[in-house]
Amino acid sequence: MTTTAPLHHSPVLLSLLPHALAVLWLGLIAGFFGTYSANVNLAMLQMDGTTYATVQSAFNRNVRHALFFAMFFGPPAWCALTLATAWRDHRTLWWRLLALVGVAYLLGIIAFTHQVNLPLNYTTEAWNPQALPADWAQVRDQWNAANLWRAWLSLGCFVVALGTLVARLGTRHTAP
């Protein structure tokens, strides 16, 4: 017969809550990037250059708000808090995989966005929709490819983080 350690056990709950929030945040941002790639980007491919430049610039400007900031930067913070509060488990597979998720998100989403998507955003925002550069469609395609990368990586981070939470909860069963 197996029993479960009580959840109200303070150190366990202290690190399970940020772990669950890391998974939630990763799922939300994966949904955001995925929806953008699977719906918005595909719709934008059907627009002429003037409409694309106007709408894409509006999207870029209007995504800069506190809620998006919290959703975008939250996953590695929740991962770090989880890892810090569960340091005693640092040799377990779930702990190491969640650390990998945090690093992958920092480098593959945040740093990548800073190096690739943001410069492309600034480029499109500087366009005059009535006098587009000759390579506007190439810039659009580069941005779409970069966002697709973020969608796939964030989905992978979410799946691995969810697996770490499930595995962690599964190890809570102990023999009497």
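These legends go with a set of views of one predicted chain, from the whole model down to single residues.

**About the model.** The model is predicted, so to speak of a local feature we ask for pLDDT of at least 70, and side-chain atom pairs count only at pLDDT 80 or more, while totals for chains, interfaces and linings use all residues. Residues are numbered from 1 along each chain as its sequence is written, and side-chain values use heavy atoms, with hydrogens and water left out.

**View 1. The whole chain, with 5 helices and 2 strands.** Following the sequence, you read off β-α-α-α-α-α-β; helices (H or I, at least four residues) and strands (E, at least two) are DSSP runs, numbered from the N terminus. The radius of gyration is 20 Å, well over the 16 Å that the globule rule gives for 176 residues, so the chain is more spread out than a compact globule. That radius is taken over C-alpha atoms, and the rule is 2.2 Å times the number of residues to the power 0.38. Along the principal axes, the C-alpha atoms fill a box of roughly 75 × 25 × 25 Å. Some 37% of the 176 residues count as buried (buried is under 20% relative accessible area, exposed over 50%, partly exposed in between, with a 1.4 Å probe and protein chains only). Take the contacts (heavy atoms within 4.5 Å) with a separation of 6 or more: residues 24 or more positions apart account for 82% of them.

**View 2. Phenylalanine 72 and phenylalanine 73, one of 15 aromatic pairs in the structure.** Rings of Phe, Tyr and Trp (its six-membered ring) pair if their centres lie within 6.5 Å; planes under 30 degrees apart count as stacked, over 60 as edge-to-face and the rest as tilted. This pair is edge-to-face, at 4.9 Å centre to centre and 90° between the planes. Phenylalanine 72 is buried at 6% relative accessibility, whereas phenylalanine 73 is partly exposed at 35%. Both belong to an aromatic cluster whose members also include Phe32, Tyr36, Tyr105 and Trp143.

**View 3. Phenylalanine 112 with tryptophan 149, a tilted pair.** The ring centres are 6.0 Å apart and the planes sit at 55°, so tilted is the word for this pair. Phenylalanine 112 is in helix 4 (residues 93-126) and tryptophan 149 in helix 5 (residues 136-170), so to speak a link between distant parts of the chain, 37 residues apart. Tryptophan 149 is partly exposed, at 41% relative accessibility.

**View 4. Methionine 47, in the loop between helix 1 (10-44) and helix 2 (49-62).** Methionine 47 counts as partly exposed, with 26% relative accessibility. Leaving out residues up to four places away in sequence, methionine 47 touches Tyr52, Val55 and Trp136.

**View 5. Glutamine 56, a buried residue of helix 2.** The relative accessible area of glutamine 56 is just 1%. Beyond residues up to four places away in sequence, glutamine 56 touches Tyr36, Met44, Thr124 and Trp143. Tyr36 and Trp143 are also members of the aromatic cluster from View 2.

**View 6. Alanine 161, in helix 5.** Alanine 161 is buried, with a relative accessible area of 0%. Setting aside neighbours within four places in sequence, alanine 161 is in contact with His19, Val23, Leu26, Leu98 and Val101. Aspartate 135 lies 26 residues from alanine 161 in sequence and 39 Å away in space, C-alpha to C-alpha.
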